[in-house]
Amino acid sequence: MSELFEPMDASEAERFAPLERAYAALLAEEGVTARAGRFEPAELPAALGEEGGRPTLRLNAANPLVRRLAARSDLADEVGRSALRALYNNSVILWTGALPADSARTIHAQFNQVIDLLLELAEKSAPAPGGRRPQPAYSSCAVTLPEGEPRSEEIFAALRAVLESRPYYWQVVRADAPAADSELPPDLDEPPARAALNVTVFAGPKLNQGLINEVSIGQILGLPQLILCDEGHPELPLSFEGVPRQTVRGLGAVLREVVLDGLNDHPEVCPVRAHERYLSASVLACCAGLDEGAGSAISARYPTWPEFLSADAADVARATGVDVALVRAAKSGLRLLAEEE
């Protein structure tokens, strides 16, 4: 295998040295060494083999994915460790020969794309030093769904209706929605800070590759996930078998009940989890009849129940532009709701 490698000059070897050290730490217990070099084809980022009787991971310095990984300033953070492990595991697929050759090559290519996308998204969402938002006191759910698919909007609305109300009171937003204080366009902003649950909605007549990539990235990162798959949707990849999934059907109350079943069965979702209640526009509409605009204005400025209830009504009115009488009505309705529970 070594004769296929082209030597690197000193400066290039220095550039890839941190990547080799990161892999040495990651694979120490497995007895695998890692070395960077150039080999063909350039499309192959890494290959497993043996050298001196020891399994060796060869990292292709000519491959864009490996070069992108080597350029990361931090290989020990969550994204770096996950990408390193995923690239190694992907090489194992080809080395072991446990799958038919065509299937192994297809899976290998697809996961290389997912790893590259993971690194790209991490680069785009990296905040300026000191610019990351503090973790909120409430729990958030980030939802990814196909664009232009009416059925996915129905499922999203049902999920919001369930999670933003009793007994959860979570924030539910689209994964590409910008933060309230963000000036970045949606595709460059981060999803809700460390969302407690990441939901992917599969609906429509065809598999959506973008959604498949999102779930695969979540698997690599070990994120808490839930798949809501519409009844009759094409089969999902076998690699998703370990991701909690709920098949949804119907409309209105039936759809909400099915979504609730999926949440109740999820190991990461617990209504008694210690967190502040998120004050959603839907809760304000329910307890005080506020319209979406007024409710959203209050929610953006006072995202939790305690923040809103402890604030002076006149101050809330000035800060949000909502009539003070409506603010007082919302406070009264929220207190009654709390007493009922």
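The legends below describe several close-up views of a predicted model.

**View 1. A mixed sheet of three strands.** In this predicted model, an open sheet is built from 3 strands in the order S1-S3-S2, with mixed pairing. Strand S1 (33-37) and strand S2 (46-51) occupy the edges and each have a single partner strand, so one side of each is left without a neighbour in the sheet. On average, and with direction ignored, neighbouring strands of the sheet are turned by 30° against each other. S1 and strand S3 (residues 54-60) run parallel and are joined by 5 bridges, and within this part of the sheet Gly-37 stands opposite Asn-60 in S3.

**View 2. Helix H1 against the sheet.** Helix H1 (residues 10-26) packs on the sheet, where it touches S1 and S3, and its direction makes about 160° with that of S1. The 17 residues of H1 should span 24 Å at 1.5 Å a residue, and because its end C-alpha atoms are 24 Å apart, the expectation and the model agree. H1 nevertheless bends by about 35° at Phe-16, and a proline, Pro-18, follows within four residues. The buried residues in H1 are Glu-12, Phe-16, Ala-17, Leu-19, Ala-22 and Tyr-23, and what covers the buried residues of this helix includes S1, S3, H2 and H3.

**View 3. Helix H3 across S2 and S3.** Helix H3 (residues 78-96) lies across S2 and S3 and runs at about 65° to S2. Val-92, which is found in helix H3, has a relative accessible area of 24% and is therefore partly exposed, the limit for a buried residue being under 20%. The C-alpha atoms of Val-92 and Ala-47 are separated by 8.2 Å, although these residues are 45 residues apart along the chain.

**View 4. The nonpolar cores.** The largest nonpolar core has 32 residues, and those with the most contacts inside it are Leu-19, Tyr-23, Leu-57, Leu-59, Leu-69 and Leu-87. At least two residues of this core are supplied by each of H1, S1, S2, S3, helix H2 (64-70), H3, helix H4 (101-125) and helix H6 (209-221), with the largest share, 6 residues, coming from H3. Leaving aside neighbours within four places in sequence, Leu-57 is in contact with a set of residues that includes Tyr-23, Val-32, Ala-34, Ala-47, Leu-48 and Tyr-88. A second, separate core of 25 residues includes Val-143, Val-162, Leu-197 and Val-269.

**View 5. Backbone geometry in two loops.** Most residues other than glycine have a negative phi, and most peptide bonds are trans. A cis peptide bond, with omega about 0°, joins Glu-40 and Pro-41, and Pro-41 has its place in the loop between S1 and S2. The peptide bond from Arg-166 to Pro-167 is also cis, with omega near 0°, and Pro-167 lies in the loop between helix H5 (150-163) and strand S5 (171-174). Tyr-169, likewise found in the loop between H5 and S5, has a positive phi of about 60° although it is not a glycine, and at 2% relative accessibility Tyr-169 counts as buried.

**View 6. The surroundings of Val-243.** Val-243 is found in the loop between strand S7 (225-230) and strand S8 (245-248), and with a relative accessible area of 8% this residue is buried. Not counting residues up to four places away in sequence, Val-243 touches Val-215, Gln-219, Gln-225 and Ile-227. The C-alpha atoms of Val-243 and Val-215, which are 28 residues apart along the chain, are separated by 8.5 Å.

How values were computed
Residues numbered from 1 in each chain as written. Predicted model: local features only at pLDDT ≥ 70, side-chain atom pairs only at ≥ 80, totals over all residues. Heavy atoms only, no water. Pairing = 2+ DSSP bridges. Axes fitted to C-alpha atoms, helices over the stretch in contact; angles between N-to-C directions. Contact = heavy atoms within 4.5 Å. Buried < 20%, exposed > 50% of the residue type's maximum accessible area, 1.4 Å probe, protein only. Core = buried A, V, L, I, M, F, W, Y, C linked by side-chain atoms within 4.5 Å. Expected span 1.5 Å × (residues − 1). Bend = angle between axes of the 7 residues up to and from the residue.
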